[in-house]
Amino acid sequence: MRANGAHAKAGALIEALPWLTRFHGATVVIKYGGNAMTEQSLQEGFAQDVVFLRHAGLRPVVVHGGGPQISEHLDRLGIESTFTAGLRVTTPEAMQVVRMVLVGRVNRDVVGLINRHGPFAVGLSGEDAHLFTAERKHALVDGEPVDIGQVGEIVKVEPGAVEALLDDGRIPVVSSVARGADGEIYNVNADTAAAALAVALRAQKLVILTDVEGLYANWPDDTDVIDELGATELEALMPTLSSGMVPKMGACLTAVRGGVPRAHVLDGRVPHALLLEIFTDEGIGTMVMPDE
Ligand SMILES: Nc1ncnc2c1ncn2[C@@H]1O[C@H](COP(=O)(O)OP(=O)(O)O)[C@@H](O)[C@H]1O
Ligand SMILES: CC(=O)N[C@@H](CCC(=O)OP(=O)(O)O)C(=O)O
């Protein structure tokens, strides 16, 4: 019995060998979503996975969300908050809360969890060292542009600070707040920010952790998850998508069109989803690939 158990463990370890070979030295951008970061044990498992990747020779970069945490804080302050096409309509008053919660709280929490394992995580906001420069973005509703306040579209990424941290063996943890060349600060959806960073870093993978199994084919029916799809196929689906899946799948499309070989949407509620995706043969969730 004991020998069988050991055999299975050795099998699981050796299954990882080709993936360790393939991804040695690879940069992987991981979007850690607000809805996948609610449970303590999952948060701790996520931090372990990221440190595991670092020790396995990959270069993980974390971009975190925090939508639910922002909404909770706005509620507490009595500030109304609505979403249009998956993006938060951001008044100047709400922007201050977004920045405070993302940079001051969620970023610190993620950095703290990772650093239980060693001096790895360094937190930064997209405002730091001109990492993200954004311009005011309008949402498209029925093809018409709609003003959604201080929401930004990233127009430039200067990834030097992130690269320096990676070269120093650190794990950068990035909040999706951007500076504008106009002196404003902008609220950027974290999926969108992760994709822009993955492209700028020439990452091998973008992995988006969320609170569903992947992209459902017939949402709100949740029986059929799409395992994989090509960029053109996804582009055709985009107008049919709703709520949080709009920026998420848009981010996957931007990433693969920008040269990232694979983009994934995974269920962050599955313990160690990140390790299962990267180091096992099956893969999980929805994978987006370039067309060729
Ligand atoms: N086709 C779809 N497949 C899966 N989820 C969908 C789909 N369309 C809309 N959704 C919704 O999108 C949500 C994920 O987006 P969001 O809540 O913004 O996640 P996160 O906080 O992780 O960024 C899911 O929980 C689900 O309610
Ligand atoms: C413009 C916009 O919508 N910004 C998001 C930023 C945080 C985020 O994206 O968090 P999740 O990944 O947890 O959804 C927001 O204000 O909620």
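A salt bridge here is a side-chain nitrogen of Lys or Arg within 4 Å of a carboxyl oxygen of Asp or Glu. By that yardstick, a search through the whole of this predicted model turns up 13 salt bridges. One of them pairs the side chains of Glu127 and Arg99, with N to O at 2.6 Å. This pair ties together distant parts of the chain, the two residues being 28 residues apart. Arg99 belongs to helix α5 (residues 92-114), while Glu127 sits in the loop between β5 (121-125) and β6 (132-141). As a rule, side chains of opposite charge can pair when their charged atoms come close.

Next comes the ligand site. Ligand 1 fills the space that makes up the largest pocket. Around ligand 1 there are 16 residues, and Asn35, Thr210, Asp211, Tyr216 and Lys248 are the closest. Sorted by character, this shell holds 8 polar residues, 5 nonpolar ones and 3 charged ones.

Several polar contacts can be picked out. Lys248 puts an N or O atom of its side chain 2.7 Å from an oxygen atom of ligand 1. For Lys31, the corresponding distance from a side-chain N or O atom to an oxygen atom of ligand 1 is 3.3 Å. Tyr216 takes part through its backbone instead: one of its polar backbone atoms is 3.0 Å from a nitrogen atom of the ligand. As for cover, ligand 1 taken alone exposes 580 Å², and the protein buries 83% of that.

Two spots in the backbone also deserve a mention. Most residues other than glycine have a negative phi, and most peptide bonds are trans. Ala85 is not a glycine, yet its phi is positive, at about 50°; this residue is found in the loop between β3 (83-84) and β4 (87-88). The other spot is the peptide bond joining Trp219 and Pro220, which is cis, with omega at about 10°. Pro220 is placed in the loop that runs between β11 (205-210) and β12 (228-230).

Conventions. Residues are numbered from 1 along each chain as its sequence is written. Chains are lettered from A and ligands numbered from 1 in the order in which they are written. This is a predicted model: local features need pLDDT of at least 70, side-chain atom pairs count only at pLDDT 80 or more; totals for chains, interfaces and linings use all residues. Side-chain values use heavy atoms; hydrogens and water are left out. A residue is near a molecule or strand if one of its heavy atoms lies within 4 Å of it. A polar contact is a pair of N or O atoms within 3.5 Å; within protein, one must be able to donate a hydrogen and the other to accept it, and residues adjacent in sequence count only if both atoms are side-chain atoms. Accessible areas come from the Shrake-Rupley method with a 1.4 Å probe; for residues, only the protein chains shown count as cover. On a 1 Å grid over the protein atoms alone, a cavity is a set of points where a 1.4 Å probe fits but cannot get out, and a pocket is an open set with protein on both sides within 12 Å along at least five of seven lines; lining residues have an atom within 4 Å of a point. A molecule sits in a cavity or pocket if more than half of its atoms lie within 2 Å of its grid points. Ala, Val, Leu, Ile, Met, Phe, Trp, Tyr, Cys and Pro count as nonpolar, Asp, Glu, Lys and Arg as charged, and the others, Gly among them, as polar. Helices (H or I, at least four residues) and strands (E, at least two) are DSSP runs, numbered from the N terminus.
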